[in-house]
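Colleague: Can you take me through the sheet in this one? Please keep it simple.

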Amino acid sequence: MRWIVFALLFVNLVLFAWFQTAGRPAVSPVPAGGTSMVEEGARLALVSEVSRQQLMARQPPQSQPTKPKPEPAAEQLCTLLGPFAEEYQGQDIVERLQALQVDGSLREIEMEGEMRYWVFLAPLNSRREAFRKLRELQAAGVDSYVIPKGSLANGISFGIFTEADRAESLLAELRDQGVDAQSREEPQTYLERWVVLAPGAAEKLAEDFWQQLQAEYPQLDRRQNLCAEVVGD
């Protein structure tokens, strides 16, 4: 009977040991030199395994370099020849230039002359009001007229003078009569005929050409001006 007891005790120990070890999950061995753990289903890709397009897509976008703004072009200078009292004189110069394959054009350019002094009454609210004021002034013996257009349209003009003293004298006289007159300087303008050469065109002409031109037109003036300011047809 003793051996049966020992046999049952041995079987119980074996069963106990088996139940203790059967419920534990197997532990994967950790490779030497590393302790990183990777979740199930994940895959690490080496740089050599990634295409160039994928690698560029993963990089953060780089800011584009700012292009420098172009500097504004310098204002160009045109060469002017003149003035010419008669149109045919300027046209003769243009034809000579064309024969030398140099472009030139005859234009009428507005020039500034002597300063003038304008005595006036500031513009009123309407033309009807301006003419009503005009009748009042003329009834008082004040020589005047309504300004029809321009920056002083519907104002009253008392005269334009070439001498500042005469303008100041009239201004004082009107104010003594209770008229709220004013004065301002106005440059006198007039038209002159000039031959206009494009920038750089004058440098194409030889010195002999200029000497011959000066001999034929002793009063001829040659000057440079900003092309943007050369206005005329």
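Modeller: Sure. Bear in mind that this is a predicted model. Strand β2, residues 104-121, pairs with strand β5, residues 182-197, in the antiparallel sense over 15 bridges.

Colleague: Which residue in β5 is the bridge partner of Tyr117?

Modeller: That is Glu185.

Colleague: And what is the strand order in the whole sheet?

Modeller: The order is β3-β4-β2-β5-β1-β6. It is an open sheet of six strands with antiparallel pairing. The edge strands are β3 (145-146) and β6 (221-226), and each of them pairs on one side only.

Colleague: Back to β2. How many bridges does β2 make with β4?

Modeller: Five, again in the antiparallel sense. Among the residues involved, Val119 has Gly159 in β4 as its bridge partner.

Colleague: Is β4 mostly buried or exposed?

Modeller: Five of the six residues of β4 (residues 156-161) are buried, so the strand is largely enclosed by the rest of the structure. Buried here means under 20% relative accessible area.

Colleague: What about β3 and β4, how many bridges join them?

Modeller: Two, and the strands run antiparallel. Tyr145 stands opposite Ser157 in β4.

Colleague: Where do side chains point in a strand?

Modeller: In a regular strand they alternate between the two faces of the sheet.

Colleague: New topic, helices. Which strands does α3 lie across?

Modeller: Helix α3, residues 87-99, lies across β1 (77-84), β2 and β5.

Colleague: At what angle does α3 run to β2?

Modeller: About 140 degrees.

Definitions and conventions
Residues numbered from 1 in each chain as written. Predicted model: local features only at pLDDT ≥ 70, side-chain atom pairs only at ≥ 80, totals over all residues. Heavy atoms only, no water. Pairing = 2+ DSSP bridges. Helix = DSSP H or I, 4+ residues; strand = E, 2+ residues; numbered from the N terminus. Contact = heavy atoms within 4.5 Å. Axes fitted to C-alpha atoms, helices over the stretch in contact; angles between N-to-C directions. Buried < 20%, exposed > 50% of the residue type's maximum accessible area, 1.4 Å probe, protein only.
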